[in-house]
Amino acid sequence: MAVDVARPPTRTGSPAVPRRRRPVWPRVRHFLSFGAPGVLVYVCFVLAPIVLSVGYSLTNYNPFGPKTRFVGLSNYKELFTDSEFLTSLKVTTILTLIVVIVPNVLGLAVALLLDRRGWLYNALRSVFFTPVVLSSVVVSIIWTRLLADDGLVDQALRGVGIAHPPGWLSDPSYALYSVGAILSWQMLGFCVVVYLAGLQGIPQELHEAAQIDGAGAVQRFRKITWPLLAPALTINTIVMLITGFKAFDHIQVITNGGPGTGTTATIAFNVLQTGFNADRQGYASAMAVVMLLIVAVASAVALRVLQKREVSM
């Protein structure tokens, strides 16, 4: 006799409840409360000046001269036939190379020496970082006094028998390199701190294992320390690159673009001189735009190359 087995009732799915979208206005208000002040500052002090500079660079703008009119790319065409601008581009390139190479090399060496524990090493770290927080004008005045023809450096050289020491700031052959050395001295502490942070982030077990395997100090540096310092090298290189390209205050205080004509005049120095002394704001804006493009392209290329190195290591 067949017995009917009652099937359990099938559960019909409940109708899908449409998901309510969160109202937009609270999110907008949240952004306006926290993000808008920062965005506003960025727009007012970064984006707006850039846009205005691009606009002025296409005109003959001069607040004290003839009526402003649109000149198109004439300012840019003049730039690349202007011997003064081309000289400043060469000066800026040399100064930037000095500022990128010297603080990185010396900063790494100093960081390796200071990568130890103890109150003495902590004090030395503070000493090396002090010039970074000093005003560029203060640093420039101090070194102007030290490197003057009758300054402490030349007096010391005469004391050891050098009758005619070089004119560090008065001789066109030395002036640019002297300014580069001063700027490198001020930024050395920044590189030291970044490299120290990188060194202290390297696991000590790696060095101990390599030492057990018989690796010497040089091999441990090449195979462990240097590859793991790649992010620190990237940071220092980009920061020093930008620092060298935008150098102005050291030039203004120490040499005022001399000695001679344009020996130490950087692009940033020429922008201010052309805009405020020669009253050619349109032409100066074109210089500033070209400088911005050079810095942006150089920084992007350096960043890409250094980041690829980080990945490969």
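How many disulfides does a search of the whole structure find?

1. The search of the whole structure finds zero disulfides. For a reader new to the term, a disulfide is a covalent bond between the sulfur atoms of two cysteines. Two cysteines may still be looked at individually: Cys44 is partly exposed, with a relative accessible area of 40%, whereas Cys191 is buried, with a relative accessible area of 0%.

2. Please keep in mind while reading that this is a predicted model, and that the values in this note are computed from that model.

3. As for secondary structure, the protein has 14 helices and zero strands, so that reading from the N terminus on, one meets an α element at each step of the series α-α-α-α-α-α-α-α-α-α-α-α-α-α.

4. The overall dimensions deserve a careful look, since the radius of gyration of the protein is 29 Å, while a compact globule of 313 residues would have one near 20 Å. The C-alpha trace, followed along its principal axes, spans about 130 × 75 × 35 Å.

5. Turning to burial and surface, 35% of the 313 residues count as buried, and the accessible surface comes to about 19800 Å², with 66% of that area belonging to carbon and sulfur atoms. Among the contacts with a separation of 6 or more, 66% are accounted for by residues that stand 24 or more positions apart.

6. On charge, the protein carries 25 positive and 15 negative side chains, and the centres of these two sets lie 17 Å apart.

7. Where does Ser285 lie, and is Ser285 buried or exposed? Ser285 lies in helix α14, which covers residues 281–312, and Ser285 counts as buried because its relative accessibility is 9%, under the 20% cut-off. When its neighbours within four places in sequence are left aside, Ser285 is in contact with Ser53, Tyr56 and Ser57.

8. Arg125 offers a second example, this time in helix α5, residues 119–133. Arg125 counts as partly exposed because its relative accessibility is 21%, and partly exposed stands for values between the 20% and 50% cut-offs. Leaving aside neighbours within four places in sequence, Arg125 is in contact with Leu114, Asp115, Arg116, Leu196 and Gln200. Arg125 and Val192 are 67 residues apart in sequence, yet their C-alpha atoms are 8.1 Å apart in space.

Technical notes:
Residues are numbered from 1 along each chain as its sequence is written. This is a predicted model: local features need pLDDT of at least 70, side-chain atom pairs count only at pLDDT 80 or more; totals for chains, interfaces and linings use all residues. Side-chain values use heavy atoms; hydrogens and water are left out. Helices (H or I, at least four residues) and strands (E, at least two) are DSSP runs, numbered from the N terminus. The radius of gyration is taken over C-alpha atoms; the globule rule is 2.2 Å times the number of residues to the power 0.38. Buried means under 20% relative accessible area, exposed over 50%, partly exposed in between (1.4 Å probe, protein chains only). Contact means heavy atoms within 4.5 Å. Accessible areas come from the Shrake-Rupley method with a 1.4 Å probe; for residues, only the protein chains shown count as cover. Lys and Arg count as positive and Asp and Glu as negative; His and the chain ends are not counted. The place of a charge is taken as NZ of Lys, CZ of Arg, CG of Asp or CD of Glu. A disulfide is a pair of cysteine sulfur atoms within 2.5 Å.
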